[in-house]
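Student: I have the coordinates open and would like to see how the labels follow from the numbers. Could we reason through a few together?

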Amino acid sequence: LALQSANLGDGSGRGGTVALATAALRVCPRFLGPPVELSLCGALEVGLSWANSVGLTPPRRTAGAWLGLGLGGALDWWFSPQVALHAGLEGTAAPLFTAYRLDGNVLFTPSRVGVRGTLGLTIALTPPRAARAARP
């Protein structure tokens, strides 16, 4: 997440910048077969958010934990043996996050739930597996 600015809204110019860095583990079992694959995905995100004050002397810094869970689906259309067009949609929830306050006032509170969309290319790093032989 890029740095986001937040202010107290009291006209004092006091506020801060807030950022979030995460790493995610995503598991997506595939259904159907080439050329179109449908995936049901689950994700676990862990990360760290941090905030730096603006307009305060001395400046303040603080950090906190982030834990996110995701569930969604994806569709891949393999238009070549190694490359597919990918589209996905995922719902997310954050059971653990850090809200930031400044002098007793709420500065920033992240959303507990959200939706993410993805569009891109899937590139296979290994050659495609041979298709299973049909059963008689």
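**From values to labels**

Tutor: Gladly! Let's begin with Ser 49, which lies in strand 4 of this predicted model.

Student: Why is Ser 49 called buried or exposed, whichever applies?

Tutor: Its relative accessibility is 7%, and buried means under 20%, so Ser 49 counts as buried. Leaving aside neighbours within four places in sequence, its contacts include Ala 19, Leu 20, Thr 62 and Tyr 100.

Student: What makes the link between the side chains of Ser 49 and Tyr 100 a polar contact?

Tutor: The side chains are joined at 2.8 Å, and the cut-off for such a pair of N or O atoms is 3.5 Å, so the label polar contact fits.

Student: How do you know that Cys 28 and Cys 41 form a disulfide?

Tutor: Their S to S distance is 2.2 Å, and the criterion is sulfur atoms within 2.5 Å, so the pair qualifies. Cys 28 sits in the loop between strand 2 and strand 3, and Cys 41 in strand 4, 13 residues apart. A search of the whole structure finds one disulfide.

Student: Which labels do Cys 28 and Cys 41 get for accessible area?

Tutor: Cys 41 has 8%, under the 20% limit, so Cys 41 is buried. Cys 28 has 30%, between 20% and 50%, so Cys 28 is partly exposed.

Student: And what makes Leu 125 exposed?

Tutor: Exposed means over 50%, and Leu 125 has a relative accessible area of 81%, so the label exposed follows. Leu 125 is found in the segment after strand 9.

Notes: Residues are numbered from 1 along each chain as its sequence is written. This is a predicted model: local features need pLDDT of at least 70, side-chain atom pairs count only at pLDDT 80 or more; totals for chains, interfaces and linings use all residues. Side-chain values use heavy atoms; hydrogens and water are left out. Helices (H or I, at least four residues) and strands (E, at least two) are DSSP runs, numbered from the N terminus. Buried means under 20% relative accessible area, exposed over 50%, partly exposed in between (1.4 Å probe, protein chains only). A polar contact is a pair of N or O atoms within 3.5 Å; within protein, one must be able to donate a hydrogen and the other to accept it, and residues adjacent in sequence count only if both atoms are side-chain atoms. Contact means heavy atoms within 4.5 Å.
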